[in-house]
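Student: I would like a close look at one part of this model. Please take me through a single helix and what surrounds it.

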Amino acid sequence: MNKNILIIENFLNNQECDILLQEMSECEFANKKNTPTFWRNSIKRISFNDKHIHTKLTTNMQNVIEKHFSIKFKNQLNLHSVVWPVGKSMPYHKDYGAENEYMDRNYNSLVYLNDDYLGGELLVPSLNIKLKPKKGTLVAFQGGNTPHGVGEILQNNRYTVICWWELLI
């Protein structure tokens with residue numbers, strides 16, 4: 001097991017994933033004038049109406065990530081859902097940004113809401129990771145300075161909930 005990445009299957013159960021997928025289907029894309037072209041028609045700002053699920057995606061997620069990596073976070077940043085349509089991929093990048101414009105994005109976390117898509121693997125070459133998680137899986141790692149990407153989605157949309165974490169220093 002690689003201590004540089006956290007993988008927890010069934011972090012959300014099937015019913016919880018389905019509730020979030022339903023919420024995603026009922027809200028608009030968060031396209032604003034300043035939304036980068038790459039993210040247009042992908043990000044949805046769902047309200048996480050179910051308080052139990054919201055707690056799992058905030059407090060509970062923070063606790064398990066902090067425990068695994070023996071760290072403490074100051075903030076959870078930008079909790080949102082993402083639709084990854086067929087044909088979309090993401091090249092290798094670091095979450096700090098191309099010009100280190102997001103230096104508070106020390107760690108990232110993703111929860112996979114479905115697994116009925118082809119392609120779309122999480123790619124983290126420095127950790128020897130090529131992963132297609134099952135529905136409900138939580139994945140977290142130090143994305144700020146670790147190059148990672150997403151393989152091309154070949155069939156069916158991929159749905160995730162993502163956020164970044166700022167370290168308490």
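**Helix 1 and its surroundings**

Tutor: The buried residues of helix 1 pack against strand 2 (43–44), helix 2 (51–69), strand 3 (73–84), strand 5 (107–112) and strand 12 (158–167). Keep in mind that this is a predicted model.

Start with the helix itself. Helix 1 covers residues 14–25, twelve residues in total. From first C-alpha to last, helix 1 reaches 16 Å, close to the 16 Å expected at 1.5 Å a residue.

Now its faces. Glu 16, Cys 17, Leu 20, Glu 23 and Met 24 are the buried residues in helix 1. Viewed down the helix axis, the buried residues fall within an arc of 120 degrees, so they line one face of helix 1. The general rule helps here: an α-helix has 3.6 residues a turn, so residues three or four places apart point the same way. On the other side of helix 1, Gln 15 and Ser 25 are exposed.

Next, the start of the helix. Asn 13 caps the N-terminal end of helix 1. One of its side-chain oxygens lies 3.0 Å from the backbone nitrogen of Gln 15.

Step back into the loop that leads in. Leu 12 sits in the loop between strand 1 (5–8) and helix 1. Leu 12 is buried, because its relative accessible area is 0%. Beyond its neighbours within four places in sequence, Leu 12 is in contact with Cys 17 and Leu 20, both among the buried residues of helix 1. The other contacts of Leu 12 are Lys 56, Leu 57, Val 111, Leu 113 and Gly 136. Leu 12 and Leu 138 are 126 residues apart in sequence, yet 7.9 Å apart in space, C-alpha to C-alpha.

Asn 10 is found in that loop too, between strand 1 and helix 1. Asn 10 counts as exposed because its relative accessibility is 57%, and the cut-off is over 50%. Its backbone deserves a look. Most residues other than glycine have a negative phi. Asn 10 has a positive phi, near 60 degrees.

Now the charged pairs. The whole structure holds four salt bridges. One of them joins Lys 56 and Glu 16, at 3.0 Å, N to O. Lys 56 lies in helix 2 and Glu 16 in helix 1, so this pair ties together parts that are 40 residues apart in sequence. Both Lys 56 and Glu 16 are buried.

Another bridge leaves helix 1 from Asp 18. Asp 18 pairs with Lys 135, and the closest N and O atoms are 2.6 Å apart. This pair links distant parts of the chain: Asp 18 in helix 1, and Lys 135 in the loop between strand 8 (129–131) and strand 9 (138–141), 117 residues apart. Asp 18 counts as partly exposed because its relative accessibility is 40%. Lys 135 counts as buried because its value is 18%.

The loop before helix 1 has its own bridge. The side chains of Glu 9 and Lys 134 meet at 3.7 Å, N to O. Glu 9 is in the loop between strand 1 and helix 1, while Lys 134 is in the loop between strand 8 and strand 9, 125 residues apart. At 44% relative accessibility, Glu 9 counts as partly exposed.

To recap: helix 1 has a buried face, an N-terminal cap from Asn 13, and salt bridges through Glu 16 and Asp 18.

How values were computed: Residues are numbered from 1 along each chain as its sequence is written. This is a predicted model: local features need pLDDT of at least 70, side-chain atom pairs count only at pLDDT 80 or more; totals for chains, interfaces and linings use all residues. Side-chain values use heavy atoms; hydrogens and water are left out. Helices (H or I, at least four residues) and strands (E, at least two) are DSSP runs, numbered from the N terminus. The expected span of a helix is 1.5 Å times one less than its number of residues. Buried means under 20% relative accessible area, exposed over 50%, partly exposed in between (1.4 Å probe, protein chains only). The arc is that of the directions from the helix axis to the C-beta atoms. Contact means heavy atoms within 4.5 Å. A polar contact is a pair of N or O atoms within 3.5 Å; within protein, one must be able to donate a hydrogen and the other to accept it, and residues adjacent in sequence count only if both atoms are side-chain atoms.
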